[in-house]
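Me: I'd like a close look at one part of this protein, the beginning of the chain, and at what it touches further along. Please take your time and keep it chatty.

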Amino acid sequence: MRGRPTIYQDANIVKKAQEVFWQKGYSATSLSDLQKATGAGAGSFYNTFKGGKKEVFQKAIEERLLAFDAFKKELSKSEFPLELIKDFFRSIASAEENEHLKGCIIANTVVEMTFIDDNLEADAVQILKEVEQMFTQAIKDEKLKGNLKTQTDPEILGRYLITFWCGLNTLRRMYPDKNVLKNQIEMQLAVIS
C-alpha cells in the first residue's frame, strides 16, 4: 500500500499559494488561507513544507526566479534584446486590472519584509539585482554592437530600468488604466531608444 503523495509533488500547489501571497502579502496570509487555496489539510501541509508558511513562500519566490531565468535565456538568444526588454515593460499596460493591483511579488516582498525578515528581504533583493544585471548586460552588449547611442553608462541604465520596474508596480496600482500606463511606459523607455 502506498502512502499519500506529498502535496508539493504538484507544482500547482506552490502556484496556488503564490497567488495568495501575491494578493495578501506574506504577513497577512494565514495557514488557513493557504489550506483553502491549495486544498491541503494542516497535517499534509506541514508534512510537505516542514518550514511552514515561510518555506512555501520561499518556494513561491523561487518560482518567480525561474520565470526571470527563462526571460534571461530568451533575452540572450534574441536578435533584438532591447526590443524584448521594451516589450516586457509594454506588456504591463495591457494587463488586466487585477494584475495591476497585485504588482510584482518580488518588489512587494522587498517592501514588506524590510524590518520583518532579513532573509526573505535579502532573497527578493537578490532577484531584483539579478534582473538589474540582466538589463545591464543587454545594454552593454547593444552599445558594443552600436545599436544604442546613449552615452549613459550601462550600469546606470540597468539600475534605471529596475527603478522603473519597482516604480511602475506602484504606478499601476494608482492608475490601472491601459492608456495612462502605456504613455508612462513609452516615456520611460525613451532612455534606451
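Reply: One definition before we start: UniProt positions are given here in the numbering used for this chain, feature names are shortened, and an annotation may be inferred rather than shown by experiment. Keep in mind, too, that this is a predicted model.

With that said, an unreviewed UniProt entry puts the annotation "domain: HTH tetR-type" on residues 13–58. In the model that span is 74% helix and 0% strand, and its end C-alpha atoms lie 13 Å apart. The unreviewed entry also has "domain: Tetracyclin repressor-like C-terminal", covering residues 86–182. There the chain is 78% helix, again with 0% strand, and 11 Å separate the end C-alpha atoms.

Now zoom in on helix 1, which runs over residues 11–24. From first C-alpha to last, its 14 residues reach 20 Å, close to the 20 Å expected at 1.5 Å a residue. Right after helix 1 comes Gly 25, with a positive phi near 85 degrees.

Which side chains of helix 1 are tucked away? The buried residues are Ile 13, Val 14, Ala 17, Gln 18, Val 20, Phe 21 and Trp 22. Their cover includes helix 2 (31–38) and helix 4 (52–77), along with helix 6 (97–102) and helix 7 (105–113).

Glu 19, also in helix 1, is a good one to click on. Glu 19 makes a salt bridge with Lys 102, and the closest N and O atoms are 2.9 Å apart. That pair joins distant parts of the chain, with Lys 102 sitting in helix 6, 83 residues from Glu 19. The two ends sit in different classes of exposure: Glu 19 is partly exposed because its relative accessible area is 28%, in between the 20% and 50% cut-offs. Lys 102 counts as buried because its relative accessibility is 5%, which is under 20%.

That brings us to how the chain is divided. The split is into domain 1 (1–66) and domain 2 (78–193), with 28 Å between their centres, taken over C-alpha atoms. The contact draws on 15 residues from domain 1 and 16 residues from domain 2. About 1300 Å² is buried between domain 1 and domain 2, and carbon and sulfur atoms give 66% of that area. Two salt bridges are counted between domain 1 and domain 2.

Have a look at Lys 54 and Asp 117 as well, whose side chains meet in a salt bridge at 3.0 Å, N to O. Lys 54 is in helix 4, while Asp 117 is in the loop between helix 7 and helix 8 (118–144), so this pair ties together parts that are 63 residues apart in sequence. Lys 54 counts as partly exposed, at 25% relative accessibility, whereas Asp 117, at 13%, counts as buried.

Over the whole model the count comes to 15 salt bridges. If you wander further down the chain, one of them is Glu 155 with Lys 140, at 4.0 Å from N to O. Here Glu 155 in helix 9 (residues 154–174) is linked to Lys 140 in helix 8, 15 residues apart. Both are partly exposed, with Glu 155 at 43% relative accessibility and Lys 140 at 31%. There's also a network: salt bridges that share partners join Glu 83, Lys 86, Asp 87, Arg 90 and Glu 186.

One last stop while you're in helix 8: Met 134, which is located there. Met 134 is buried because its relative accessibility is 8%, under the 20% cut-off. And what does Met 134 touch? Leaving aside neighbours within four places in sequence, Met 134 is in contact with Phe 68, Phe 71, Lys 72 and Leu 75. Glu 74 is 60 residues from Met 134 in sequence, with 11 Å between them in space, C-alpha to C-alpha.

So, back where you asked me to look: helix 1 has its buried residues covered by, among others, helix 6 and helix 7, and Glu 19 forms its salt bridge with Lys 102.

How values were computed
Residues are numbered from 1 along each chain as its sequence is written. This is a predicted model: local features need pLDDT of at least 70, side-chain atom pairs count only at pLDDT 80 or more; totals for chains, interfaces and linings use all residues. Side-chain values use heavy atoms; hydrogens and water are left out. Helices (H or I, at least four residues) and strands (E, at least two) are DSSP runs, numbered from the N terminus. The expected span of a helix is 1.5 Å times one less than its number of residues. Buried means under 20% relative accessible area, exposed over 50%, partly exposed in between (1.4 Å probe, protein chains only). Contact means heavy atoms within 4.5 Å. Domain bounds come from an automatic or database domain assignment. Buried area is the accessible area (1.4 Å probe) that two parts lose on being put together, summed over both.
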